[in-house]
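Here is a short report on one protein chain. Look over the fold as a whole before turning to single residues.

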Amino acid sequence: LMKRLSSFDKDHVSDKVLSKLKKYTQEESFVPSSVAHYSVACKSFCEWVLAIERYAVAYKMVEPKRKAYEDVKLKLRSIKSQLFTKEEQMKRLEATLYQLQESYDETDRERKELQDRFSDIIVKVERAQVLSASLGDEQKRWKETLQDLQQKSLSIFGDAIILSAFLVYGGGFSHSQRQNLLTEWKEVCCQEHLNIGTGSSIVGRLINPELIHEWHVHGLPKDTHSIENGTIIVKCDKWPLIVDPEGQAAKWLKNSLKDSGLITISYSDLQIQKTLEQAIQTGVPVLVENVPEHVKSFMDPFIERKFTVHQGQMLLQVGKIEIEYNKSFRLFLICNNTTPQLGSEICNKTTVVNFTSTFEGL
């Protein structure tokens with residue numbers, strides 16, 4: 001075997017052999033470090049195979065160039081011989097004259113091209129001057145925008161803390177309670193010498209007005225409390241547990257996610273676990289209604305999202321099986337009780353959002 005390996009004709013590996021070889025070398029496990037776990041001898045053979053493949057690929061690229069180089073060398077010798085012969089002949093003067101004529105023609109063409117380019121540049125400069133004059137007002141707006149961004153950058157850390165706290169802890173409170181919390185948080189930031197922005201509201205910093213208008217079209221009440229709730233539901237990291245006795249949040253979500261194939265199911269439905277498993281794999285959003293105050297443990301994998309990544313694939317452990325996790329999946333939990341007594345365990349696993357109707361939202 002060693003003799004065959006050492007005398008292997010590496011310069012003439014066919015494309016057919018290379019094609020078959022790639023089926024093995026492109027395998028993720030076909031690397032010396034992996035093969036070494038099973039056999040040290042096979043590790044060396046693996047290294048030899050990979051080296052032969054690299055050499056064959058490189059050889060097929062270099063060999064045509066080498067042959068072309070030899071051809072060029074032969075042509076060069078022939079041309080030099082012809083040139084020497086012609087230099088001894090009277091025709092060299094005619095050849096020189098011909099070259100000068102060609103040079104003259106080329107120079108004349110370049111002159112015309114430069115003249116055309118110069119004319120184009122004159123036109124572009126004139127247009128640029130007109131554009132520059134028309135952008136005077138826009139330049140002023142850009143400067144104002146730059147100053148505004150520079151001012152906002154001074155309060156970016158303080159604003160990030162306030163916004164994060166609002167999304168994580170503010171969902172379960174009423175609008176007035178949230179305002180009290182924001183006031184306290186801002187005072188703490190000031191005590192810690194963190195700048196706080198004085199511009200738009202919490203919602204204005206997280207959601208653009210066009211999206212809020214779209215929410216209203218889909219049935220979200222127009223009061224501030226409901227808009228804050230919508231913002232928290234859209235931006236929170238954990239799945240939202242929505243206290244929705246009047247069904248306003250459910251109506252809004254059903255209208256908003258209708259085109260996304262939203263699945264609505266009751267917590268008491270016997271097929272809820274199977275439905276969630278299928279939705280997680282297909283990336284379809286699910287709205288679970290009539291969620292009780294204490295959620296059974298079978299919901300934990302879907303709520304906690306403790307997935308693993310294997311070979312670039314996200315997997316979620318549900319019982320004894322692993323299912324593929326689609327990043328497009330979203331889960332909304334609706335509790336229809338007016339005054340639910342939620343346990344600390346479910347509150348820690350979800351983002352509680354108080355969607356109880358306010359006088360403004362009626």
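What follows goes from the whole chain to selected helices, loops and cysteines.

**The chain as a whole**

This is a predicted model. The protein chain has 15 helices and eight strands. Its radius of gyration is 37 Å, whereas a compact globule of 362 residues would have one near 21 Å. The C-alpha trace spans about 110 × 75 × 45 Å along its principal axes.

How much of the chain is buried? Of the 362 residues, 29% are buried. The exposed surface comes to about 25300 Å². Carbon and sulfur atoms supply 55% of that surface.

Contacts reach far along the sequence. Take the contacts between residues at least 6 apart in sequence: 70% of them join residues at least 24 apart.

Charges come next. The chain carries 47 positive and 48 negative charges. The mean positions of the two sets lie 9 Å apart.

**Helices H11 and H12**

Thr231 belongs to helix H11, which covers residues 224–235. Is Thr231 buried or exposed? Thr231 counts as buried because its relative accessibility is 0%. Which residues does Thr231 touch, leaving out those up to four places away in sequence? They are Leu167, Val203, Leu206, Ile207 and Trp215.

Helix H12 spans residues 248–256. Its buried residues are Gln248, Ala249, Ala250, Trp252 and Leu253. Several elements help to cover them. The cover includes two helices, H10 (209–217) and H11. It also includes strands E1 (240–243), E3 (286–289) and E7 (331–335). H11, the helix that holds Thr231, is thus one of the elements over the buried residues of H12.

**The loop at Tyr267**

Tyr267 sits in the loop between strand E2 (263–266) and helix H13 (272–282). Although it is a loop residue, Tyr267 is buried, because its relative accessibility is 11% and the cut-off for buried is under 20%.

Its contacts, not counting neighbours within four places in sequence, include Ile272, Val288, Glu289, Asn290, Val291 and Pro292. Tyr267 is also in contact with His294, Val295, Lys296, Phe298 and Met299.

Tyr267 also gives a sense of distance across the model. Its C-alpha atom is separated from that of Glu102 by 88 Å. Along the chain, Tyr267 and Glu102 are 165 residues apart.

**Two loop residues with positive phi**

Arg305 and Gln311 are each a residue other than glycine with a positive phi. The table sets out their values.

| Residue | Phi | Loop | Relative accessibility |
|---|---|---|---|
| Arg305 | near 55 degrees | between H14 (300–304) and E4 (307–310) | 22%, partly exposed |
| Gln311 | near 55 degrees | between E4 and E5 (313–318) | 70%, exposed |

Strand E4 borders both loops: Arg305 lies in the loop between H14 and E4, and Gln311 in the loop between E4 and E5. Gln311 counts as exposed because its relative accessibility is 70%, and the cut-off for exposed is over 50%. Arg305, at 22%, is partly exposed.

**The cysteines**

How many disulfides does the structure hold? The count is zero. Cys42 is in no disulfide, and the nearest cysteine sulfur, that of Cys46, is 8.9 Å away. Cys46 is in no disulfide either; the nearest cysteine sulfur to it is that of Cys42, at 8.9 Å. Why does this pair not count as a disulfide? The sulfur atoms are 8.9 Å apart, and a disulfide needs them within 2.5 Å.

Which of the two is buried? Cys46 is buried, with a relative accessible area of 2%. Cys42 is partly exposed, with a relative accessible area of 42%.

Terms used
Residues are numbered from 1 along each chain as its sequence is written. This is a predicted model: local features need pLDDT of at least 70, side-chain atom pairs count only at pLDDT 80 or more; totals for chains, interfaces and linings use all residues. Side-chain values use heavy atoms; hydrogens and water are left out. Helices (H or I, at least four residues) and strands (E, at least two) are DSSP runs, numbered from the N terminus. The radius of gyration is taken over C-alpha atoms; the globule rule is 2.2 Å times the number of residues to the power 0.38. Buried means under 20% relative accessible area, exposed over 50%, partly exposed in between (1.4 Å probe, protein chains only). Contact means heavy atoms within 4.5 Å. Accessible areas come from the Shrake-Rupley method with a 1.4 Å probe; for residues, only the protein chains shown count as cover. Lys and Arg count as positive and Asp and Glu as negative; His and the chain ends are not counted. The place of a charge is taken as NZ of Lys, CZ of Arg, CG of Asp or CD of Glu.
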